[in-house]
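Thanks for coming, everyone. I'll keep this short. Please have the sequence and the model open while I talk.

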Amino acid sequence: SNAGPVRRWALVAGENRGIGGDETLRYAESDAQRMRDALVEVGGVAPGDVVLLKGVRADSLREALTALKARLAKEATPTDRLTLYLSGHAGDGVLHLDDSELPLAELVDFVKQAPVEVGVLIVDACRSGSMTRLKGLKPISAAPVKVEASGLQGRVLISASGADEYAQESDALKGSTFTHHFVTGLRGAADTSRDGRVTLDEVYAW
């Protein structure tokens, strides 16, 4: 076939403020910046194909998703990759974004419906593991998935915490424990097979 090179798309968002009694996070927005930089510098995402949102409410996140959906419909090919990354507060399957709420199911649906071969949703938030129990989805631990495997089709959900766990920030790392290790893993530390490529199961195990 005359398929062109695989194009990688990403939307990366962080919001430090939750709702009500949520403690203000210190690093969600800077973690989003770090993830964006890693995706561009080592993840094969062109700067023009990643949307970075630092400080986001439900309505502005929906607007960004709507714009990305339109762009994917116009420009994406069936071999493309998509990464959605969110860092912030969550509870009971809902993201808490600066006094607004967005159901995690909306992000899952977006990734499931995107016209790409592989879609990865990464949520670095407390109690975010409930999304892996949404209908028809299995947690990543069930089977290792290699993103680079040829012919891979699928959707992967990675959550920083279980349904009842709290994700953690670290002053020493100046970021969330999860995103810090995910980004250092992407940048090469997770390449346990030493083949010069970091696969998704390598980075998750790391």
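Let's start with a term: two strands pair if DSSP finds at least two bridges between them. Now apply that. Strands S4 and S5 are joined by 3 bridges, and they run antiparallel. So they count as a pair, because at least two bridges are needed. One bridge to find on your screen: glycine 91 has valine 94 of S5 as its partner.

One caution before we go on. This is a predicted model.

Now the wider picture. The protein chain has 5 helices and 10 strands. Of its 206 residues, 48% are buried. About 10,000 Å² of the chain is exposed, and carbon and sulfur atoms supply 50% of that. Next, take the contacts with a separation of 6 or more. In the protein chain, 73% of them link residues 24 or more positions apart.

Back to our strands. Which strands form the open sheet, and in what order? There are 3, in the order S4-S5-S6, with antiparallel pairing. S4, residues 89–91, and S6 are the edge strands, and each pairs on one side only. From one strand to the next, the twist averages 30 degrees.

Move along to S5, residues 94–97. S5 and S6 are antiparallel, with 4 bridges between them. Here valine 94 appears again: its bridge partner in S6 is proline 103. The S5 and S6 hairpin has 2 residues between the strands. Look there for aspartate 98, which takes a positive phi near 50 degrees.

Next, S6 itself, residues 100–103. Which residues make up its covered face, and which its uncovered one? Ser100 and Leu102 are on the covered face. Glu101 and Pro103 are on the uncovered face.

What covers these strands? I can at least show you two helices that lie across them. Helix H2, residues 58–75, lies across S5 and S6, at about 40 degrees to S6. Helix H3, residues 104–113, also lies across S5 and S6, at about 45 degrees to S6.

Last stop: serine 100, in strand S6. Why does serine 100 count as buried? Its relative accessibility is 10%, and buried means under 20%. Leaving out residues up to four places away in sequence, serine 100 touches Ile19, Arg57, Ala58 and Leu95. Zoom in on alanine 58. Its backbone nitrogen lies 2.8 Å from a polar atom of the serine 100 side chain.

That's my tour. Over to you.

Definitions and conventions: Residues numbered from 1 in each chain as written. Predicted model: local features only at pLDDT ≥ 70, side-chain atom pairs only at ≥ 80, totals over all residues. Heavy atoms only, no water. Buried < 20%, exposed > 50% of the residue type's maximum accessible area, 1.4 Å probe, protein only. Contact = heavy atoms within 4.5 Å. Areas by Shrake-Rupley, 256 points an atom, 1.4 Å probe, with all protein chains shown as cover. Polar contact = N/O pair within 3.5 Å; in protein donor to acceptor, adjacent residues only side chain to side chain. Axes fitted to C-alpha atoms, helices over the stretch in contact; angles between N-to-C directions.
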